[in-house]
Amino acid sequence: MPLPTMKDVATLAGVSQMTVSRVMRGTGYISEDVRKRVQQAARQIGYVHNRFKGGMAGYGNPLVGVIVPDLQNRVFTEVLSGVNDRLGEKGLRPVFGVSAYSLETEEEIVYDLLSWRPLGLILTGLEHSDAVRKIATQTGVRVAEVMDTDGTPISACFGVSHREAGAEMARHMIGRGYRRFGYLAGQGGRDLRARKRFEAFSEVVREAGAQIVDSRISEADSSMVLGSQLTAEMLAGAERPDAIYTSNDDLAAGGLMYCLKTGISVPGEVALAGFNALPFLEVLPQRITTTQTPRYEMGAAAAEFVAAPEDEGISAPEMRSQLIAGETT
């Protein structure tokens, strides 16, 4: 099936090919209404502008597009290290984009990256807009998705089951005797992998006859400061939990610091658990119970997949998370 052309976009948008060209190149005056019509038409039929004038019509240059939600979080820098190291071995170069946990922003970056005709794309997670799935399939660019396996990949995914990780943590904490749980998260709940963990965690809690008594999700980015603030609010609330599950280690560490500062016994008065098993946990006064994931390996495996020749089948290696029981549960 031939790829959509600029003429197809012009016909659908009801404008000239010259107008479509100007919109795609960002040159000349174009009214906002016409610009939106052209962009919508391009999305609708899956047209991607080729920035290489007359050359490199296919997806075969040495660049690989990589999109992550956040560059400040060490979780993603470890994934990127795996990607960069493996691509470097193949003589390829990554080009990074940051989606800030927004599917709309991810879509914009995907279209922009594809206009440079990269060899492949590495995306974070399995949830993407319909437009991203359509254009990835239509162009035939090789796509690897990292961090998650709970869903349907575009082609191949390299990650762990977050639902399994959340359920495992719930079983661990219930096994320690906790029955009243709280949950803390940041990013406004836009971290879909954290949401999957909490959903599975909640299911196991309810099945055991226990309950989630409080949940606090902040719009702010996750940090130890936020973890301390949310823990203070939760423990001062009417429905005080005897255990708190957090979406990541930063929040759990902040909660631990608040408890130590105010004389609240952990886990005597409240238990704490996080996710990611970040290295800084090793220097805290108490080892936080957490879940470890093979982040570098995810990035390396995804890079191997997109760098492989088209006729070479690359199967996703099995990766699993590991619960690490610490001193906070």
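## Exercises on a predicted model

Residues 24 or more positions apart supply 70% of the contacts in the protein chain with a separation of 6 or more. Keep in mind that this is a predicted model. Now let's work through it.

**Exercise 1. Get an overview: how many helices and strands are there, and what percentage of the residues is buried?**

Step one: count the elements. The protein chain has 11 helices and 11 strands.
Step two: look at burial. Of its 329 residues, 54% are buried.
Step three: check the outside. About 14700 Å² is exposed, and carbon and sulfur atoms supply 50% of that.
Step four: take the overall span. The C-alpha trace covers about 70 × 45 × 35 Å along its principal axes.

**Exercise 2. Find the largest nonpolar core: which residues touch the most other members?**

Start with the members. This core has 27 residues, and Leu87 and Ile122 are the ones touching the most other members. Next, see where the core comes from: β1 (63–68), α4 (74–89), β4 (142–148), β5 (156–160) and α11 (295–307) each give two or more residues. Helix α11 provides the largest share, 7 residues.

Now zoom in on Ile122. Skip its neighbours within four places in sequence, and its contacts include Val64, Val83, Ala144, Val146 and Val306. Finally, look for a second core: apart from the first lies one of 21 residues, including Ala167, Met173, Tyr178 and Tyr183.

**Exercise 3. Why does the pair of Phe158 and Phe305 count as tilted, and which parts does the pair tie together?**

The whole structure holds 5 aromatic pairs, so pick this one and go through the geometry. The ring centres are 5.6 Å apart and the planes meet at 55°. Stacked pairs need planes under 30 degrees apart and edge-to-face pairs over 60, so the rest are tilted. That makes this pair tilted.

Next, place the two residues. Phe158 sits in strand β5 and Phe305 in helix α11, so the pair links parts 147 residues apart in sequence. Then check burial, where the cut-off is under 20% relative accessible area. Phe158 comes in at 1% and is buried; Phe305, at 9%, is buried too.

**Exercise 4. Do the same for Tyr183 and Tyr245: how far apart are the ring centres, and which strands hold the residues?**

The centres are 6.1 Å apart with planes at 50°, so this pair is tilted. Tyr183 belongs to strand β6 (residues 180–185) and Tyr245 to strand β8 (residues 243–246), so the pair connects parts 62 residues apart in sequence. Tyr183 and Tyr245 are both buried. Last step: widen the view, and Phe181, Tyr183, Phe198, Phe201 and Tyr245 turn out to form one aromatic cluster.

Conventions
Residues are numbered from 1 along each chain as its sequence is written. This is a predicted model: local features need pLDDT of at least 70, side-chain atom pairs count only at pLDDT 80 or more; totals for chains, interfaces and linings use all residues. Side-chain values use heavy atoms; hydrogens and water are left out. Helices (H or I, at least four residues) and strands (E, at least two) are DSSP runs, numbered from the N terminus. Buried means under 20% relative accessible area, exposed over 50%, partly exposed in between (1.4 Å probe, protein chains only). Contact means heavy atoms within 4.5 Å. Accessible areas come from the Shrake-Rupley method with a 1.4 Å probe; for residues, only the protein chains shown count as cover. A nonpolar core is a set of buried Ala, Val, Leu, Ile, Met, Phe, Trp, Tyr and Cys residues joined through side-chain atoms within 4.5 Å. Rings of Phe, Tyr and Trp (its six-membered ring) pair if their centres lie within 6.5 Å; planes under 30 degrees apart count as stacked, over 60 as edge-to-face and the rest as tilted.
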